[in-house]
Amino acid sequence: MKNKTVTVTDNRTGKKYDFPILEPTIGPDVVDISKFYSDTGMFTFDRGFTSTASCRSKITYIDGGKGKLMYRGYDIAFLATKKSFLETTYLLLHKKLPDKETLKDFSLEVKKRSFIHEGMKKLFDAFPDRAHPMAILAAGVSALSTFYFDHLDIDSPDEYMEMATRVVAKIPTIAALSYRYSQGLPVIYPDMEKGFTENFLYMLRGYPHSHIELKPIEIKALDTIFTLHADHEQNASTTAVRVVGSTHAHPYACVASGISALWGRAHGGANESVIRQLELIGSVENVDKYIAKAKDPNDSFRLMGFGHRVYKNFDPRATILKNIQQELVSELNLDSSLMAIAKKIEDIALSDEYFIERNLYPNIDFYSGIILQALKIPKEMFAVIFVIGRTPGWIAQWIELKEQDSIKIARPRQLYLGPTERTPKY
Ligand code: SDX
């Protein structure tokens, strides 16, 4: 039986070092280099962690070559088309899909926690008008631990599951409030009669003492977008949540760090950037000029919504959203001019050598923005929508970190290129 190791030879000395191979359920084998420094006296270097597995996980599996995505073994297309976001949330948090009764109870538990402490409104008051909702949301989630300090013991599963349910339940309310406050609009409280996604749209678009028409197709479209964003293995914001979690910080602090990490335009901020970019391009005639800018190594311009660290073929979530876009064109009056520009970009990019040889395909953010705009969700709320979708994934990953025998604090090393010791001249 061949021993499952990888041998590294230092050709300067001829010394050989063996490192064990860890075998996954599915996916690439993993070389355990945790003893690499103690054995060799050298660090490994992996900018952006392109070849590094940071943890063991049973939650989400991605096959970037095949465009495959599964949450706890269920294919994303099944969950996005046959299950609700709340069912997917339960699956991520509790490792199995809920039956009818369980779902009813879970939905009620979430609804009961969807209100926020009235004192939190003073926090929102402190922000200037037009404050970006992501800034308000990150502050609001971090502040939850000051208003809900009765369940902060991260060593008690009951208490951290309570925190998990609270975060899932309160983030949509804080998200809607953050937008209402940034626009000087009256606050709309959650309606216990409404489902999770309908309630969010109601809190975002409603008006006191007046009925608003929320079409079932709008609710379903947004619910699907939440599901498509629910988790995604060890992406940058989930890595932030796990790194902060490794210091034994509680879920509110960890999710607040995930929100901040997600905000960047290379990550969850891309959906807002896609729409702003399509508006900047302005017409189908201008597309060629911007494609040339995206390909120019001396131009920092990048095609937002294109490329992905893992998907080197197609993003299965993008495929699902593209189909939804087609279904919604007439129903929700999607912006046909933006869609025409997006289609032209896609057609050119998918046949252009630059994009093909770099495996740059449309990702989830390339399609989500046009649908969100049709749902009358303001651009500055697009990353917030991503947060609402990703929160169950962040929490599930935090719980998994917590459930491990022991938490090892994340503490990478570096390739030091600074000065050797300098003699101070007195
Ligand atoms: C998300 O990780 C996840 O799972 C994230 C996510 C999730 O669900 O959590 O899927 C959500 O963040 C999706 C990605 C959203 N971001 C964007 O759409 C922003 C635009 N995309 C790029 O910034 C970029 O493609 C990344 C950040 C997504 C991926 O970056 P990588 O894997 O580090 O790739 P790279 O920057 O090393 O680029 C490789 C080459 C470079 O060219 P060369 O130096 O080889 O000549 O491809 C080029 C890059 O210049 N390139 C692009 C490009 N993306 C990469 N060129 C033009 N336009 C782009 N969008």
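Here a trainee and a mentor talk through a predicted model, one feature at a time.

Trainee: Let's start with the strands. In what order do strands 1, 2 and 3 lie in their open sheet?

Mentor: These three strands form an open sheet with antiparallel pairing. Strand 1 (5–10) and strand 3 (30–31) are the edge strands, each pairing on one side only. The order is therefore 1-2-3.

Trainee: How many bridges join strand 1 to strand 2?

Mentor: The two strands run antiparallel. One of the pairings is that of Thr5, whose bridge partner in strand 2 is Pro20. The number of bridges joining strand 1 to strand 2 is six.

Trainee: Which residue takes a positive phi in the hairpin of strand 1 and strand 2?

Mentor: Look at the stretch between the two strands, which has four residues. A positive phi near 80° is found there, and the residue that takes it is Gly14.

Trainee: And on the other side of strand 2, which residue in strand 3 is the bridge partner of Leu22?

Mentor: Strand 2 (residues 15–22) pairs with strand 3 in the antiparallel sense, over two bridges. The bridge partner of Leu22 in strand 3 is Val30.

Trainee: Now for strands 4, 5 and 6. Which residue in strand 6 does Met70 stand opposite?

Mentor: Strands 4, 5 and 6 form an open sheet in the order 4-5-6, with antiparallel pairing. Its edge strands are strand 4 (60–63) and strand 6 (74–75). Strand 5 (residues 68–71) pairs with strand 6 over two bridges. Opposite Met70 in strand 6 stands Asp75.

Trainee: Let's move to Phe115. Is Phe115 buried, partly exposed or exposed?

Mentor: Phe115 sits in the loop between helix 4 (100–112) and helix 5 (120–125). Its relative accessible area is 31%. Buried would need a value under 20% and exposed one over 50%, so at 31% Phe115 is partly exposed.

Trainee: What separates the C-alpha atoms of Phe115 and Tyr189?

Mentor: Leaving aside neighbours within four places in sequence, Phe115 is in contact with several residues, including Tyr148, Lys170 and Tyr189. Phe115 and Tyr189 are 74 residues apart along the chain. Their C-alpha atoms are separated by 7.2 Å.

Trainee: Which residue in helix 4 joins Phe115, Tyr189 and Met192 in a nonpolar surface patch?

Mentor: The patch has an area of about 330 Å². Its member in helix 4 is partly exposed, with a relative accessible area of 44%. That residue is Leu108.

Trainee: How many disulfides does a search of the whole structure find?

Mentor: Take Cys55, which is partly exposed at 25% relative accessible area. The closest cysteine sulfur to that of Cys55 is in Cys254, 14 Å away, which is too far for a bond. Cys254, at 0% relative accessibility, counts as buried. For the whole structure, the number of disulfides found is zero.

Trainee: What about charged side chains? How far apart are the closest N and O atoms of Glu162 and Arg166?

Mentor: Both residues lie in helix 7 (residues 157–182), four residues apart, about one turn of the helix. Glu162 is buried, with a relative accessible area of 12%, and Arg166 is buried too, at 11%. They form a salt bridge, and the closest N and O atoms are apart by 2.9 Å.

Trainee: Which other residues are linked with Glu162 and Arg166 in a network of salt bridges?

Mentor: Side chains of opposite charge can pair when their charged atoms come close. Beyond Glu162 and Arg166, the network takes in Glu109, Lys112, Arg113 and Asp150.

Trainee: Which residue does Arg205 meet in a salt bridge?

Mentor: The N to O distance is 3.1 Å. The pair links helix 8 (residues 196–205) with helix 9 (residues 216–228), the two residues being 13 residues apart. Arg205 counts as buried at 16% relative accessibility, and its partner counts as buried at 2%. That partner is Glu218.

Trainee: One last pair: how many residues apart are Lys379 and Glu279?

Mentor: Their side chains meet in a salt bridge at 3.2 Å, N to O. Lys379 is buried at 18% relative accessible area, whereas Glu279 is partly exposed at 35%. Lys379 lies in the loop between helix 17 (364–374) and helix 18 (382–403), and Glu279 in helix 12 (residues 270–281). Their separation along the chain is 100 residues.

How values were computed. Residues numbered from 1 in each chain as written. Predicted model: local features only at pLDDT ≥ 70, side-chain atom pairs only at ≥ 80, totals over all residues. Heavy atoms only, no water. Buried < 20%, exposed > 50% of the residue type's maximum accessible area, 1.4 Å probe, protein only. Contact = heavy atoms within 4.5 Å. Pairing = 2+ DSSP bridges. Patch = residues over 30% accessible without salt bridge, like charges linked within 9 Å, V, L, I, M, F, W, Y side chains within 5 Å. Areas by Shrake-Rupley, 256 points an atom, 1.4 Å probe, with all protein chains shown as cover. Salt bridge = Lys/Arg side-chain N within 4 Å of Asp/Glu carboxyl O. Disulfide = S-S within 2.5 Å.
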